[in-house]
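Reader: Hi! I'm new to reading protein structures and would love some help with this one. Could you walk me through it?

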Protein chains: 2
Amino acid sequence: MRPVVDILIQKGHHAVVLVPEINWHIKTSQDCEVKFYPVSYTFQELSDHFSVFSYEAFTQRPPLTLLQNMKISYETIINTTNFVTSTCENLLKNETLIKDLETSNFDAMLSDPIFPCGEIIAEHLSIPSIFFLRRGAPFGMEQEASKSPSPPSYVPRIFTTYTDHMNLSQRVKNVLLSLFDFVFCHMLYSPYTRMASEFLKRDVTAVDLFSRASIWLLRYDFVFEFARPTMPNMVFIGGINCVNRKPLAQDFEKLVNSSGEHGFVVFSLGSMVSEIPMDKAMDIAEAFRSIPQTVIWRYTGKVPSNLGSNTHLVKWLPQNDLLAHPKARAFITHAGSHGIYEGICNAVPMVMLPLFGDQMDNAKRIESRGAGVTLNVLDMTPEDLINALDSVINKPSYKENIQRLSALHLDRPIHPLDLAVHWVEFVMRHKGAPHLRPAAHDLNWIQYHSLDVFAFLLAVLVTTFFISFKCCTYTCRRCCGRKSRPKSKSKKE
Amino acid sequence: MRPVVDILIQKGHHAVVLVPEINWHIKTSQDCEVKFYPVSYTFQELSDHFSVFSYEAFTQRPPLTLLQNMKISYETIINTTNFVTSTCENLLKNETLIKDLETSNFDAMLSDPIFPCGEIIAEHLSIPSIFFLRRGAPFGMEQEASKSPSPPSYVPRIFTTYTDHMNLSQRVKNVLLSLFDFVFCHMLYSPYTRMASEFLKRDVTAVDLFSRASIWLLRYDFVFEFARPTMPNMVFIGGINCVNRKPLAQDFEKLVNSSGEHGFVVFSLGSMVSEIPMDKAMDIAEAFRSIPQTVIWRYTGKVPSNLGSNTHLVKWLPQNDLLAHPKARAFITHAGSHGIYEGICNAVPMVMLPLFGDQMDNAKRIESRGAGVTLNVLDMTPEDLINALDSVINKPSYKENIQRLSALHLDRPIHPLDLAVHWVEFVMRHKGAPHLRPAAHDLNWIQYHSLDVFAFLLAVLVTTFFISFKCCTYTCRRCCGRKSRPKSKSKKE
């Protein structure tokens with residue numbers, strides 16, 4: 001979101017950023033006004049909470065069914081929800097801050113609605129909203145709230161790892177999941193409907209909050225996502241994070257230049273996982289020492305004893321800038337959508353070690369396009385990793401496919417960052433985008449699916465049939481009666 | 001389509017235009033290669049054929065029901081189809097031309113698919129297609145072929161003149177119409193499926209031809225059209241015709257400048273209608289002589305005897321340039337989508353006299369947004385026209401609404417002409433846009449609607465219920481049996 005806000009500020013807009021006092025990334029800024037609000041947890045508690053993700057991801061389990069996999073993902077989400085809910089509660093109960101916001105006369109709210117706290121504030125302030133979303137809200141909320149049809153016959157549901165071509169058994173599971181979407185949604189968002197109803201002093205559902213969106217800025221495109229129905233207020237800004245390529249710092253420049261003809265491999269599991277269990281780290285280090293490439297590995301844990309001389313551990317790495325280097329040969333990633341798009345932008349084939357959430361789905365999308373290999377981080381042996389790296393680096397098809405995806409992705413009439421800025425300003429200028437809001441929002445579920453119409457047509461059909469039947473039987477009886485009379489007459493004769 | 005082709009040529013592409021020898025508008029060009037092919041009719045026959053439109057439009061009829069209205073529209077379309085079909089037949093049977101095309105190694109076909117002759121050629125040459133379409137193909141073919149869902153509960157069907165807010169009775173009619181779409185489509189396009197099957201030497205349906213589209217360039221946006229589901233390969237280029245504003249020629253400049261404080265009104269019924277019956281022309285002239293504005297009227301018929309001094313008849317007028325003039329007060333139009341967009345671009349409120357086809361629908365869209373008044377050209381009296389002009393010129397709401405629509409329409413991140421050119425070149429560069437093609441194309445009707453899945457789930461449910469029921473009865477019988485035994489025992493006792 002940052003680059004969008006930066007440009008808005010450059011264009012003379014005033015931006016106010018609401019941030020919990022305890023957070024990882026956002027500090028005071030010279031450019032925009034940052035309003036911090038106190039929360040009821042410490043920095044240690046925040047870090048401990050998110051370290052659960054790492055732990056969960058590396059806990060060995062027997063092979064999981066779809067349902068078990070979904071259960072774990074759901075528990076992880078609920079766990080996070082509880083944490084974020086308390087943050088939201090702290091914000092909504094901060095009367096001074098709310099009063100301050102009320103008098104500030106904002107034009108619009110830009111928020112990530114995955115936890116729709118910002119939406120409660122936007123509704124309270126009666127200002128239009130722009131949603132900035134990674135890859136769809138959980139459990140189809142995005143489809144429901146935007147009224148975008150999503151046929152389960154070819155639109156795979158989240159956490160299924162299915163592609164857009166499903167066999168019957170997969171389609172059965174996909175349909176069942178889509179039938180239960182609303183149950184999951186209700187469970188996930190019930191704390192928000194409670195908070196919203198309390199704060200706004202009227203009944204509010206999660207769909208109410210989500211369907212406020214004037215514009216959905218969706219951080220994907222159809223090079224990565226499977227083609228499916230969209231709505232006029234959806235704007236696709238996948239690859240927005242690949243902007244601002246900077247020259248490499250001297251130490252990284254030296255490292256990549258010394259990699260020789262074999263080039264180098266970038267390895268990062270994202271900002272939420274930087275430590276992994278030692279046995280796994282040693283397996284990975286073992287694999288790396290057997291390949292001819294230099295490896296740059298973002299890792300903050302204890303150094304594995306078997307680390308090869310070609311492997312360089314760093315606490316942080318300029319991922320996009322490294323991937324843009326012509327010597328980058330492969331990208332080992334946890335398949336978060338951010339990293340995936342940096343891989344696509346820079347046409348670097350990927351070895352994907354998905355850990356949780358939608359990362360399995362992301363990995364499947366890239367794999368189904370032949371631009372990467374997915375490994376299960378728990379099961380994989382050093383040989384698996386060596387083979388996967390060998391494939392993506394040396395088999396031409398992987399490089400060709402990622403180059404094709406990259407060419408399609410980069411061939412756009414306008415940069416996604418400019419597109420995002422345009423639509424934020426559009427909403428500010430026109431106080432929303434009501435012309436892009438489908439009339440479906442004004443219909444209930446029965447009306448939307450024309451069930452009342454079909455019931456009426458059925459009633460007409462049944463009545464017509466019944467009357468025709470009665471008429472026929474009556475006519476038959478009369479005809480038979482007439483016919484039988486002469487017979488009886490002839491009998492008499 | 002012309003401005004798009006012009007820019008493509010400026011960018012160094014080679015364009016070949018296929019044109020029937022007998023036509024109204026396209027002559028040889030210095031910029032692009034025009035290939036004319038002979039047809040089996042004369043210029044007079046062509047003109048006579050289209051003059052039927054004028055005649056039909058001004059033939060007084062009793063008030064029509066939706067069904068009668070549709071029947072007339074359908075007959076008009078079929079009438080035109082027969083004419084255009086013969087043109088297509090002439091093209092496909094021109095062996096020299098087809099051989100020439102086969103050896104020309106084209107990158108893409110740009111065509112208006114409303115009569116899908118170009119598609120047969122594109123399929124024969126195995127080149128990707130870009131469709132350039134006014135306002136959707138007739139009878140939902142566009143939705144069917146692009147796999148774009150189109151819920152009949154809020155997406156009004158063509159020729160209905162409904163808005164996106166329908167009452168139950170309208171929704172019933174809309175659902176019924178959508179159920180019969182495929183029948184209409186089959187009737188309308190059967191000549192093309194026959195020709196295509198003959199020419200390509202295999203069975204081809206109209207949907208096959210239409211679903212070839214790599215990109216749909218649709219000449220509308222959601223300022224004019226009601227918001228509804230779209231697909232990733234649909235690009236909205238409404239207002240593409242409002243480009244290239246030129247200074248007015250001296251005679252028009254003089255005319256508009258002499259119009260004084262009351263300004264002027266532009267009146268045109270489009271290129272297909274320039275003559276109207278004298279009684280109607282006199283009614284219109286009568287109305288015009290009573291208003292304080294200058295009127296510029298495109299009209300080639302006999303001059304009405306009651307023509308006022310403020311009314312100027314012209315054989316042709318620079319419509320977009322006139323509407324762009326600050327003294328333009330109102331635009332009287334037949335509500336073709338071309339003219340409607342020139343009205344929107346230039347924020348001139350409209351009095352609409354729809355004549356045939358989708359013009360009634362277009363007029364309804366503008367009227368429902370409070371930016372114009374619709375009149376029935378057959379019924380209207382001079383007073384009706386005076387009142388309508390008075391409303392749109394003097395009631396502030398009309399000007400405000402068209403200004404709002406205009407502001408929304410013009411506030412776009414990229415000009416529709418540049419967008420169209422980008423997507424044509426995209427298809428040429430990447431040999432299509434397969435990543436934007438939904439997997440729905442690979443499913444049959446039953447699979448797409450998950451009917452096989454629901455049948456399976458129903459079978460499972462019924463079987464489960466049956467087994468449970470059998471188990472229950474069996475258990476009950478055993479339990480009752482056990483219970484009854486002691487009873488009989490006690491009886492014995």
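Author: Happy to! Let's start with a term we'll need: a salt bridge is a side-chain nitrogen of Lys or Arg within 4 Å of a carboxyl oxygen of Asp or Glu. Please keep in mind that this is a predicted model.

Reader: Got it. Which residue forms a salt bridge with Lys11(A)?

Author: That would be Glu425(A), and the closest N and O atoms of the pair are 2.8 Å apart. The two come from distant parts of the chain, 414 residues apart. Lys11(A) is in the loop between α1 (2-10) and β1 (16-20) of chain A, while Glu425(A) is in helix α16 (residues 416-430) of chain A.

Reader: And Glu425(A), is that buried or exposed?

Author: Glu425(A) counts as buried, because its relative accessibility is 10% and buried means under 20%. Lys11(A) has 49% relative accessibility, so Lys11(A) counts as partly exposed.

Reader: Why would two side chains like that pair up at all?

Author: Side chains of opposite charge can pair when their charged atoms come close.

Reader: How many salt bridges are there over all chains?

Author: The count comes to 38.

Reader: Can you show me one within a single helix?

Author: Sure, try Glu367(A) and Lys364(A), whose side chains meet in a salt bridge at 3.7 Å, N to O. Both lie in helix α13 (residues 359-368) of chain A, three residues apart, which is about one turn of the helix. Glu367(A) is partly exposed at 29% relative accessibility, and Lys364(A) is partly exposed at 29% as well.

Reader: What about chain B, which residue does Lys35(B) pair with?

Author: Lys35(B) forms a salt bridge with Asp100(B), with 2.5 Å between the closest N and O atoms. Lys35(B) is in strand β2 (residues 33-37) of chain B and Asp100(B) in helix α4 (residues 95-102) of chain B, so the pair ties together parts 65 residues apart in sequence. Lys35(B) counts as buried at 14% relative accessibility, whereas Asp100(B) is partly exposed at 30%.

Reader: New topic! How is chain B related to chain A?

Author: Chain B can be laid on chain A by a turn of 180° and a shift of 0.0 Å along the axis, with an RMSD of 0.0 Å. That is the relation of a two-fold axis.

Reader: Which residue of chain B comes closest to that axis?

Author: Thr230(B) does, with its C-alpha at 2.7 Å from the rotation axis.

Reader: And what is chain A built from?

Author: Chain A has 18 helices and twelve strands. Of its 493 residues, 55% count as buried. Its C-alpha atoms fill a box of roughly 120 × 60 × 45 Å along the principal axes.

Reader: Anything to look for on the surface?

Author: There is a nonpolar patch of about 970 Å², made by residues including Phe180(A), Met187(A), Trp445(B) and Phe454(B). Helix α7(A) gives the largest share, six residues.

Reader: Where is Trp445(B), and is Trp445(B) buried or exposed?

Author: Trp445(B) is in helix α17 of chain B. At 59% relative accessibility, Trp445(B) counts as exposed.

Reader: Which residues form a negative patch?

Author: Glu286(A), Asp379(A), Glu383(A) and Asp384(A) form a negative surface patch. Glu383(A) is in helix α14 (residues 382-394) of chain A, and Glu383(A) counts as partly exposed at 47% relative accessibility.

How values were computed. Residues are numbered from 1 along each chain as its sequence is written. Chains are lettered from A and ligands numbered from 1 in the order in which they are written. This is a predicted model: local features need pLDDT of at least 70, side-chain atom pairs count only at pLDDT 80 or more; totals for chains, interfaces and linings use all residues. Side-chain values use heavy atoms; hydrogens and water are left out. Patches are made of residues with over 30% relative accessible area and no salt bridge: like charges are joined within 9 Å, nonpolar side chains (Val, Leu, Ile, Met, Phe, Trp, Tyr) within 5 Å. Accessible areas come from the Shrake-Rupley method with a 1.4 Å probe; for residues, only the protein chains shown count as cover. Lys and Arg count as positive and Asp and Glu as negative; His and the chain ends are not counted. The place of a charge is taken as NZ of Lys, CZ of Arg, CG of Asp or CD of Glu. Helices (H or I, at least four residues) and strands (E, at least two) are DSSP runs, numbered from the N terminus. Buried means under 20% relative accessible area, exposed over 50%, partly exposed in between (1.4 Å probe, protein chains only). Copies are superposed by least squares on the C-alpha atoms of residues with pLDDT of at least 70 in both.
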